[in-house]
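Hi,

Here is the structure I promised to send over. Have a look at it first, and then read on for what turned up when I went through it.

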Amino acid sequence: MKKIKMKKYIVQYYGWIAGYGDWDCDDFVVMAYNIKDAKEIMEQRMTGKLIKGKPSIMLLSTFTKKMKAYDAAQKQKQINN
């Protein structure tokens, strides 16, 4: 029987950050077997948080790839200017 590995999901939201008393973007990582379980954990952790809009959730590996592609595009843009 093959073991199912837990995956890392990143949750990002815009909300009130009590630590410094202001609105800002924040994120946290959720470990879950699938997106459905990750959303349930996200909802539990978001309970009681004052947020604006809807939080986003995606695989951490997908987020990392997007950020690397964005960074490379920004560097190329600087070279071309």
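Let me start in the sheet: Val11 stands opposite Ile57 in β3. Keep in mind throughout that this is a predicted model.

Val11 is a handy place to begin, as it has plenty of company. Leaving out residues up to four places away in sequence, Val11 touches Asp26, Asp27, Phe28, Val30, Met42, Pro55, Ser56 and Ile57. A second facing pair on the β3 side is Ile10, which stands opposite Met58.

**The sheet**

Three strands make up an open sheet, in the order β2-β1-β3, with antiparallel pairing. β2 and β3 (51-59) are the edge strands; each has a single partner, so one side of each is left without a neighbour in the sheet. From one strand to the next, the twist averages 15°.

How many bridges hold each pairing? β1 and β3 pair over six bridges, while β1 and β2 pair over eleven bridges. Both pairings run in the antiparallel sense. Within the β1 and β2 pairing, Ile17 has Asp22 in β2 as its bridge partner. The hairpin of these two strands has four residues between them, and there Gly21 takes a positive phi near 60°.

**The helices against the sheet**

Back at the β3 side, Val11 and Ile57 face each other. α1 packs on the sheet and touches β1, β2 and β3, with its direction at about 140° to that of β2. Helix α2 (residues 60-80) also packs on the sheet, touching β1 and β3, and its direction makes about 95° with that of β3.

**The core**

Which residues make up the largest nonpolar core? There are eleven of them: Tyr9, Val11, Tyr13, Ile17, Phe28, Val30, Ala32, Ala38, Met42, Met46 and Ile57. Three elements give two or more residues to this core, namely β1 (7-17), β2 (22-32) and α1 (35-46). β1 gives the most, with four residues. As general background, nonpolar side chains in soluble globular proteins tend to be buried together.

Ala38 is a good core residue to click on. Its place is in helix α1. Is Ala38 buried or exposed? With a relative accessible area of 0%, Ala38 is buried, because the cut-off for that is under 20%. Setting aside neighbours within four places in sequence, Ala38 is in contact with Tyr9, Val30, Ala32 and Ile57. Ile57 is 19 residues away from Ala38 along the chain, and their C-alpha atoms are separated by 8.3 Å.

**Met58**

Met58 is in strand β3. At 23% relative accessibility, Met58 counts as partly exposed, since buried would need under 20%. What does Met58 touch, apart from its neighbours within four places in sequence? Its contacts are Lys8, Tyr9, Ile10, Phe63 and Lys66. One of them, Ile10, is the residue that stands opposite Met58. The C-alpha atoms of Met58 and Ile35 are separated by 8.1 Å, with their positions 23 residues apart along the chain.

**The aromatic rings**

The count of aromatic pairs comes to three. One of these is Tyr14 with Trp23, a stacked pair at 6.2 Å centre to centre and 15° between the planes. Another is Trp16 with Trp23, which is edge-to-face, at 5.7 Å centre to centre and 75° between the planes. Ring pairs link Tyr14, Trp16 and Trp23 into a cluster.

How accessible are these rings' residues? Tyr14 is partly exposed, at 34% relative accessibility. Trp16 is partly exposed too, with a relative accessible area of 39%, and Trp23 is partly exposed at 24%. Trp23 has a charged visitor as well: Lys52 lies over the face of its ring, at 4.4 Å from the ring centre.

If you only have a minute with the model, I'd look at Val11 opposite Ile57, then Ala38 in α1, and then the cluster of Tyr14, Trp16 and Trp23.

Cheers

Technical notes. Residues numbered from 1 in each chain as written. Predicted model: local features only at pLDDT ≥ 70, side-chain atom pairs only at ≥ 80, totals over all residues. Heavy atoms only, no water. Core = buried A, V, L, I, M, F, W, Y, C linked by side-chain atoms within 4.5 Å. Buried < 20%, exposed > 50% of the residue type's maximum accessible area, 1.4 Å probe, protein only. Contact = heavy atoms within 4.5 Å. Phe/Tyr/Trp six-rings, centres within 6.5 Å; stacked < 30°, edge-to-face > 60°. Lys NZ or Arg CZ within 6 Å of the ring centre and 35° of its normal. Pairing = 2+ DSSP bridges. Axes fitted to C-alpha atoms, helices over the stretch in contact; angles between N-to-C directions.
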